[in-house]
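This report describes the surroundings of two ligands in a protein model, then some of its strands and side chains. The sequence and the structure come first.

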Amino acid sequence: MKPQQNSKNMLQQIRAVMAGNADAKDRLDKLVEVIAKNMQAKVCSIYLHQADGFMELWATKGLAASAVHQTRLAPGEGLVGEVVSSLSPLNVENASNHHLFSFHPETDEINFLSFLGVPVLRAGQLLGVLVVQDDKERLFGAETVEALQNVAMVLAEIVASGELISLEELSEAEIHSTRSHTLHGTSIVEGLAMGVAVMFEPHMIGVSRIAEDPEHEIERLESALDDLRKTLDRLFMGKGHAFGEPAREVMNAYRMFAQDQSWFERLCKAAKAGLTAETAVERVRGEYRQRFLAARDPYLRERLHDLEDLSNRLLRHLGGVAIARDLPENTILVARNIGPAELLELDRSRLRGLVLEEGSRTSHAAIVAAAMRLPVVGHLLGLQANVLGGDTILVDGENGQISIRPAVETENSFIERLRVRRQRRATFAKLKNSPAISIDNQRVQLLLNAGLGIDLPHLEETGADGIGLFRTEFQFMLADHLPKQAQLIKLYAEVLTTAGDKPVVFRTLDLGGDKVLPYVSHAQEANPALGWRAIRMAIDRPGMFRYQLRALIHASAGRTLRIMFPLVSTVAEFLQARKLLEQELARLTRFGHTDLPVKLEVGCMIETPALVWQLERLLPKTDFISVGANDLIQYFFAADRENIRVSDRYDPLHPSAVSMLGQIVQAAATHNIPISLCGEMAAQRTDAAILLALGYRQLSVPASAIGPLKQLILSLDIADLSKSLAKWMAESNPDIRKRMRQFAKNANLAM
Ligand code: PEP
Ligand code: MG
């Protein structure tokens with residue numbers, strides 16, 4: 001019999017067991033029997049994840065029946081523990097020889113050599129482990145692994161439905177908790193929101209899992225996929241345009257995924273094996289999820305968001321599930337992940353916030369959410385297990401945390417924060433058109449960090465003095481192919497036109513490290529942050545760099561072109577990059593192009609400590625410099641601020657860092673070279689105040705920081721703070737942050 005036929009038969013038998021009227025325990029016992037028989041294995045066992053984190057044996061065919069509910073494996077224990085940790089199948093020839101094997105005498109397990117365990121997952125959440133074992137020393141075949149995963153998929157739905165097992169006994173009991181709960185994650189889009197939870201992840205309640213007629217399920221899949229593609233085309237023609245070219249590119253990459261033949265083939269294979277169309281979608285989603293999550297490549301991980309989005313959408317087209325079309329007022333959307341198209345489709349006027357079990361700052365959804373000004377908190381472990389639709393949720397995008405079913409006092413103080421925030425926004429809006437001038441009459445330029453067309457409206461909204469850092473790599477990372485020259489020129493020209501008289505600094509491609517392009521092959525590096533990135537790639541393989549330079553030159557026809565280079569570590573590198581730019585200009589002139597920039601300003605980012613010791617030689621060769629403090633401080637302390645184990649060692653206000661930042665600004669002043677600082681620290685008011693005291697007068701920050709910084713500057717006597725800072729720095733071991741906070745309090749600064 002063909003393996004798929006086999007799998008189909010087994011699923012039919014499981015269905016018969018479930019349809020019978022035996023009690024829950026008998027049905028569970030029959031299930032393991034059916035699975036063992038069909039898998040031609042001596043043993044089949046089901047372990048379920050308990051509220052205390054242990055994996056408990058709930059049913060077995062082949063191990064000692066008395067071990068049921070007696071055998072409990074601690075988190076990480078044994079081969080079952082390994083399946084739990086890896087969330088993927090474990091296929092072992094001889095279990096007792098395996099270094100992780102943990103023997104529980106009550107099971108009489110000693111005679112069984114081969115072991116195959118697969119996780120029982122539902123919406124990415126682990127419910128248990130399904131195991132088959134045999135007395136022969138052998139590896140189970142790929143088709144068997146696949147078939148057992150299909151069964152696990154069905155089992156997950158059975159467990160979650162409570163048909164067999166009382167959920168109270170399992171960790172799922174947490175779902176029904178009514179306690180208030182705070183979850184800590186990461187802020188993805190800043191802001192505060194309060195509202196009611198709407199679960200985005202479709203739950204397939206009431207949908208059958210085992211197909212009666214696989215051919216019919218395949219037809220359903222085909223037709224749903226067809227509908228899905230049509231909807232995407234309509235969406236693409238419609239709202240995708242509302243957010244400009246980058247959003248359109250996001251959508252394009254996403255549409256291509258929907259056309260992906262291998263996705264469809266995987267779906268059909270699962271349906272042929274006897275799963276319903278809906279269950280097949282979940283099954284394939286789980287498979288891709290594991291594969292993408294294992295990838296270190298952030299681009300692939302972003303594709304995972306698209307897949308989640310498409311899977312949800314396909315489920316809706318299958319008619320099995322639905323997210324409320326009519327969102328309640330004050331909706332807080334709760335999801336594992338969400339794709340950009342899903343977000344664009346929702347009614348923004350009813351949406352207050354978005355909370356994600358996963359999510360990332362660079363995800364497509366984050367980019368769209370930021371454009372929608374929707375507060376987002378992500379990386380919330382256990383989110384979906386702790387929230388029920390209708391729960392009140394407070395989204396704190398300032399501190400990256402959420403409160404679920406908050407206590408009255410928490411809710412009241414949050415409402416107060418919302419009120420204050422609204423007031424502050426109104427104040428910032430009023431300040432929009434006034435320049436940032438300190439009490440001692442120092443004019444500070446507040447510039448914007450941007451990277452996509454959707455950031456452009458922020459220039460007008462915030463009244464920023466220009467764009468101090470335009471990160472150009474996003475445009476390259478969003479597409480599945482190298483963006484066309486014409487597209488690049490269009491975006492760059494749009495940026496310059498929107499900015500009008502205000503200056504714009506384009507930072508050339510900062511690729512490599514974690515930022516890899518799907519359409520460019522790259523070698524895995526042991527230490528990507530110290531590897532072949534940014535200007536190093538541009539100089540060694542100038543093809544793409546020159547391609548971008550040409551687009552920047554054309555886009556700046558008749559205007560000033562300001563360009564700077566990332567991650568320069570020697571003066572020679574800067575000169576090489578500058579030469580490539582000048583050669584490109586000369587070449588275009590030679591070929592008779594007249595549509596060239598009227599002026600060129602070439603700057604250098606200071607992002608490596610090595611360059612700080614070359615300023616005397618560098619500054620005479622540059623038109624301006626910009627301190628990329630994110631990278632500079634990370635390389636200075638050799639500490640990655642995204643790595644929580646070392647992030648407290650990354651302190652831009654440590655006296656050593658303050659001293660270095662001071663040296664840079666002084667050197668620039670001596671050489672009369674304009675200097676800005678564009679790292680994240682400039683957006684933090686305590687840090688920004690220190691930068692001002694050191695002499696920085698141009699800060700480039702995300703849009704949300706412009707108003708708060710302006711308010712700070714208007715209340716600050718910079719000269720006075722400079723004097724204090726000099727005194728603090730003369731102490732043997734000053735805590736600059738603490739001193740600054742005290743100063744702010746005494747001076748009544750707007751912090
Ligand atoms: C920086 O390193 O401070 C910087 C602005 O560049 P990015 O954050 O894009 O690396
Ligand atoms: Mg940088």
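Strand β20 is largely enclosed by the rest of the structure, because six of its eight residues are buried. Buried means under 20% relative accessible area, exposed over 50%, and partly exposed in between, with a 1.4 Å probe and protein chains only. Helices (H or I, at least four residues) and strands (E, at least two) are DSSP runs, numbered from the N terminus.

The model is predicted: local features need pLDDT of at least 70, side-chain atom pairs count only at pLDDT 80 or more, and totals for chains, interfaces and linings use all residues. Residues are numbered from 1 along each chain as its sequence is written, chains are lettered from A and ligands numbered from 1 in the order in which they are written, and side-chain values use heavy atoms, with hydrogens and water left out.

β20 pairs in the parallel sense with strand β19 (residues 560-565) over six bridges, where two strands pair if DSSP finds at least two bridges between them. In this pairing Arg562 stands opposite Glu601 of β20. The chain passes from β19 through helix α19 (residues 571-590) to β20 in a right-handed β-α-β crossover. Right-handed here means that, with the strands pointing away from the viewer, the path from the first strand over the helix to the second runs clockwise. β20 also pairs in the parallel sense with strand β21 (residues 624-627), over four bridges, and Gly603 has Phe624 in β21 as its bridge partner.

The magnesium ion (ligand 2) is coordinated by Glu607 (OE) and Asp631 (OD), at 2.1 Å. Glu607 lies in the loop between β20 (599-606) and α20 (609-612) and Asp631 in helix α22 (residues 629-637), so the pair ties together parts that are 24 residues apart in sequence. Donors are N, O and S atoms within 2.8 Å of the metal (3.2 Å for Na, K and Ca); water is not among the atoms, so sites may look incomplete. Both Glu607 and Asp631 are buried.

Glu607 and Asp631 also belong to the residues around ligand 1, which include Leu469, Asp510, Met605 and Cys678; a residue counts here if one of its heavy atoms lies within 4 Å of the molecule. The table gives side-chain polar contacts, that is, pairs of N or O atoms within 3.5 Å; within protein, one must be able to donate a hydrogen and the other to accept it, and residues adjacent in sequence count only if both atoms are side-chain atoms.

| Side chain | Partner | Distance |
|---|---|---|
| Arg471 | oxygen atom of ligand 1 | 2.7 Å |
| Arg507 | oxygen atom of ligand 1 | 2.8 Å |
| Glu607 | oxygen atom of ligand 1 | 2.8 Å |

The protein covers 90% of the 280 Å² of accessible area that ligand 1 has on its own, by the Shrake-Rupley method with a 1.4 Å probe; for residues, only the protein chains shown count as cover. β17 (467-471) and α22 are the elements that give two or more residues to this shell, and α22 supplies the largest share, three residues.

Elsewhere, six strands form an open antiparallel sheet in the order β3-β2-β1-β6-β5-β4. β3 (72-73) and β4 (90-92) stand at the edges with a single partner strand each, so one side of each is left without a neighbour in the sheet. Within the sheet, nine bridges join β5 (residues 114-122) to β6 (residues 125-134).

Asp687, in helix α24 (residues 685-694), is buried at 5% relative accessibility. The side chain of Asp687 makes a polar contact with the side chain of Arg737 at 3.0 Å.
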